[in-house]
Amino acid sequence: MRFAKGHGTENDFVILPDPDGRLDLAPSAVAALCDRRAGIGADGVLRVVRTAALGGEPAGAAASAAGCEWFMDYRNADGSVAEMCGNGVRVFARYLVEQGLAKAPAFSVGTRAGARGIVVEDDGDITVDMGAARVLGEGAARLAGGDVRGLRISVGNPHLACRVDGGSAAVAAMDLTAAPELDPAEFPEGANVEVFAEVAPGTLQMRVYERGSAETRSCGTGIVAAAAAATPPGEGATWLVRVPGGECTVFLDSQGARLRGPAVIVAEGETRLP
Ligand SMILES: N[C@@H](CCC[C@H](N)C(=O)O)C(=O)O
């Protein structure tokens, strides 16, 4: 099976070209590919499939991606399906352009959260229109024996974005080795949990525990969720968000959120897995 490997701010992905929708991606196969010792290693898998070939998907996914030639079928490292991946869609766009499957500078990609507009910037960064970051209310999680509180935010997928006191030192000190405990009534689908602090005017420091993938070095939808949580309701803002794997910029206005940052393909090859 052909594959490529890429990352966006070190949130890394195995990319599987499957234009005609022939791959049967069992969760165990995804987990085997993402295994960092016995597999290729990644935070998730991006299956590159034509929207027209989306046989097994709920009708809604194909409908919301209507007009997009290509669909990003995203899976977490544990094999679970997610609605959206902000770094993944930028890496996916880079792959399409490098393979001659989409034409820069502007095109759209289908996702389970709907069509996402892509712009390949002159400096190589990729900007994605992330749609609305919807603040749903307050929420809480139990994290490393303590309680964190924040805002429940949907960026197509669910997030709990928690501002912490103590600046970058407090963010760095958070223990994200174990999964946060969430109230299923608040988060029926689970959630990605972000901890962040404003470390300079217009600059956030953030870490994330991702649903289905554990702590990762970056999360595009999480970066947008943190930016939305840091912005007073009804206002626009531009945030530079620093994560362990690099930094991205989020532009928030009345139209929604845009996420800009690097995305690279680092390898291509053939795998014997799964
Ligand atoms: N890393 C991604 C988010 C991937 C999906 C997430 N783990 C979920 O289950 O919702 C990003 O860059 O947004």
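Select helix H3 (residues 86-98) and helix H5 (residues 220-230); helices here are DSSP runs of H or I of at least four residues, numbered from the N terminus. In this predicted model, the two pack at an angle of about 130°, with their axes 4 Å apart. Axes are lines fitted to C-alpha atoms over the stretch in contact, and angles run from 0 to 180 degrees between N-to-C directions. H3 and H5 are therefore oblique, the class left after under 35 degrees (roughly parallel), over 145 (roughly antiparallel) and 65 to 115 (roughly perpendicular).

Next, show Gly86, Asn87 and Arg90 of H3 with Gly220, Thr221, Ile223 and Val224 of H5, which make the contact (C-beta atoms, placed from the backbone, within 7 Å).

Now select Val224 alone. Apart from residues up to four places away in sequence, Val224 touches Gly86, Met130, Ala133, Val155, Val250, Ala257 and Leu259.

Widen the selection to the largest nonpolar core, 75 residues, where Ile223, Val224, Ala226 and Ala227 touch the most other members. H5 gives the most to this core, eight residues. A nonpolar core is a set of buried Ala, Val, Leu, Ile, Met, Phe, Trp, Tyr and Cys residues joined through C-beta atoms within 7 Å; buried means 20 or more other C-beta atoms within 10 Å of the residue's own.

Finally, colour domain 1 (2-129 + 262-269) and domain 2 (134-255), whose bounds come from an automatic or database domain assignment. Both give residues to the core, so the core lies between them. Their C-alpha centres lie 23 Å apart.

Residues are numbered from 1 along each chain as its sequence is written. Local features need pLDDT of at least 70, side-chain atom pairs count only at pLDDT 80 or more, and totals for chains, interfaces and linings use all residues.

Notes: Buried ≥ 20, exposed ≤ 12 C-beta atoms within 10 Å, placed from the backbone. Contact = placed C-beta atoms within 7 Å.
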